[in-house]
Amino acid sequence: MEQEISRAPVSSYKVTNRQFEQAAERMGLTEELKSLLMMPFREMAVQVPVKMDDGRLEVFLGYRVQHNGARGPTKGGIRYHPTVDIHEVRSLASLMTWKTALTGLPYGGAKGGVNCDPSRMSINELEKLTRKFIDRISIILGPYRDIPAPDVNTNPQVMAWIMDEYSSKHGYTPSVVTGKPLDLGGSEGRLEATGRGVTFIAQEALLDLGLDMTGASVAIQGFGNVGAHAARFMEEAGANVIAVSDVNGGIKDEGGLDIKDMTKYSQETKTVVGYPMAKPITNQELLSLPCDILIPAALGGVITRFNAPQLKARVILEAANSPVTPRAEEILSEKGVTIIPDILAGAGGVIASYFEWVQNLQQVQWKEEQVNQRLKEILTASYREVYQTSIKEEIDLRTAAYMISIDKVARAEATRGHN
Ligand code: NAD
């Protein structure tokens, strides 16, 4: 029985590999190159024992996967979530290889994660978990080796602990991690960069689709770092954000939510649910709302063959990693829905992380306008390249994005040699 039929999550690693293989097939990549580019370069699984506040010793499992480093040191976020496992981390590491290559950053791809439920942990426990995890994997980290960043349930504070833990062994090293607080070598604009980038990409894509950003209706799943900033920038760009959600549920107002007001509410209550100026909806209802743009900005695998037939959005902007399964993508393509792939739509964060790393290495600080301007230039150029390739090759945007990235990584591998 197929996994999706049993509603068990589709292996995210299989999904990424299927997307890779589709593009590799089209490019006529040799079997040798395919396995070289598909298989992770290095994987580390570690035990993370933490003395909890009540005196118990809890042992967590943590992972760091470095997928490919042909184009530079590996780069990718660290996720804290109960669903983290080696398959998910592998998939996310691989996506980082293609994301950094697509946008021309001098990096390879990596990802890390700890299987834990941070919503049930105190700040003290989270700090201990972070320090122990970094202590165990620090042997494979470094400013020219592998540079972590934030992802689901990790934030600038967690990045500060990572910097501090690594620096306690190697001397002051802000360039070992990005997404840090401004006081510790963080970059202006980094926190907002993924959400801002989503909006830059939306603006470009709408031009090609003949749609107007002013008044475009937008639904956003996930109201964390990416989703909340995307909501703010989409509203600033003139769009009408009609629904948002988080892990607890969602809210909608067809007339358009007041993002500033509801962000204030969600910061105070730690959820969007219960916002008095909107109607409650479920996460599933949000995904199938009639709208111009749907932005999944939470977890992977949320749009499947089961809910894809009900979706009514014209464009799906994948701010989250891997939100659409391959079968769902087929259904949506038949319906004429444009899907802007994660390795393009969600690339703003790693681009600004690259700026932060550059500033740390050079010990300089850029102004926010410079960060935002350069972010826009890179994302706009990347979108244009993907769009032109998709037209020229008569393929969808995801396959086009993969073909561009695979070509760059394959050339780097070939030139570096394997003797
Ligand atoms: P976050 O932890 O700040 O926020 C996650 C949000 O998703 C929260 O609002 C949470 O309540 C919600 N959520 C969690 N489980 C959910 C569920 N089952 N249904 C609905 N909502 C749910 O994380 P983030 O940094 O905003 O990352 C979100 C996505 O964007 C992830 O897929 C991540 O890999 C991707 N991403 C993040 C960055 C970054 O810079 N942080 C960059 C690129 C891509």
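Which residue of strand 12 stands opposite Val-315? In this predicted model, Val-315 faces Thr-338 of strand 12. The pair belongs to one of the two sheets described below, followed by the ligand surroundings and a pocket.

**The seven-stranded sheet**

Seven strands make up an open sheet of mixed pairing, and their order is 9-8-7-6-10-11-12. At its edges are strand 9 (279–281) and strand 12 (338–340), each of which pairs on one side only. From one strand to the next, the twist averages 25 degrees.

Strand 10 covers residues 290–296 and pairs with strand 11 in the parallel sense, over four bridges. Strand 11, residues 312–317, also pairs in the parallel sense with strand 12, here over three bridges. Val-315 can be followed across these three strands: Ile-293 stands opposite Val-315 in strand 11, and Val-315 in turn stands opposite Thr-338 in strand 12. Further along the pairing with strand 12, Leu-317 is placed opposite Ile-340.

**The five-stranded sheet**

Another open sheet has five strands in the order 1-2-4-3-5, again with mixed pairing. Strand 1 (42–51) and strand 5 (146–150) each have a single partner strand, so one side of each has no neighbour in the sheet. The twist in this sheet averages 25 degrees from one strand to the next.

Within it, strand 2 and strand 4 (residues 108–115) run antiparallel and are joined by seven bridges. Gln-66 is found opposite Ala-110 of strand 4.

**Around the ligand**

The ligand is surrounded by 24 residues, of which Asp-151, Asn-153, Val-226, Ala-298 and Asn-321 come nearest. The table gives polar contacts made by oxygen atoms of the ligand.

| Residue | Atom on the protein side | Distance to a ligand oxygen |
|---|---|---|
| Arg-79 | N or O atom in the side chain | 2.9 Å |
| Thr-194 | N or O atom in the side chain | 2.9 Å |
| Val-226 | polar backbone atom | 2.8 Å |

Val-226 is thus listed both among the residues that come nearest the ligand and as a contact through a polar backbone atom. Arg-79 and Thr-194 make their contacts through side-chain atoms.

**The second largest pocket**

How much space lies in the second largest pocket? The volume is about 360 Å³. Its lining consists of 19 residues, and those nearest the centre are Phe-41, Asn-68, Gly-69, Ala-70 and Arg-416. Sorted by class, the lining holds six nonpolar, nine polar and four charged residues.

Which elements supply at least two residues each to this lining? They are helix 2 (31–38), strand 2 (57–68) and helix 14 (397–416). Strand 2 gives the largest share, three residues. Strand 2 therefore has a place in two parts of this account: it is one of the strands of the five-stranded sheet, joined there to strand 4 by seven bridges, and it contributes to the lining of the second largest pocket.

Key:
Residues numbered from 1 in each chain as written. Predicted model: local features only at pLDDT ≥ 70, side-chain atom pairs only at ≥ 80, totals over all residues. Heavy atoms only, no water. 1 Å grid on protein atoms, 1.4 Å probe; cavity = no way out; pocket = protein on both sides within 12 Å on 5 of 7 lines; lining within 4 Å. Points joined across faces, edges and corners; volume = space filled by probe spheres on them. Nonpolar A, V, L, I, M, F, W, Y, C, P; charged D, E, K, R; others polar. Pairing = 2+ DSSP bridges. Axes fitted to C-alpha atoms, helices over the stretch in contact; angles between N-to-C directions. Near = heavy atom within 4 Å. Polar contact = N/O pair within 3.5 Å; in protein donor to acceptor, adjacent residues only side chain to side chain.
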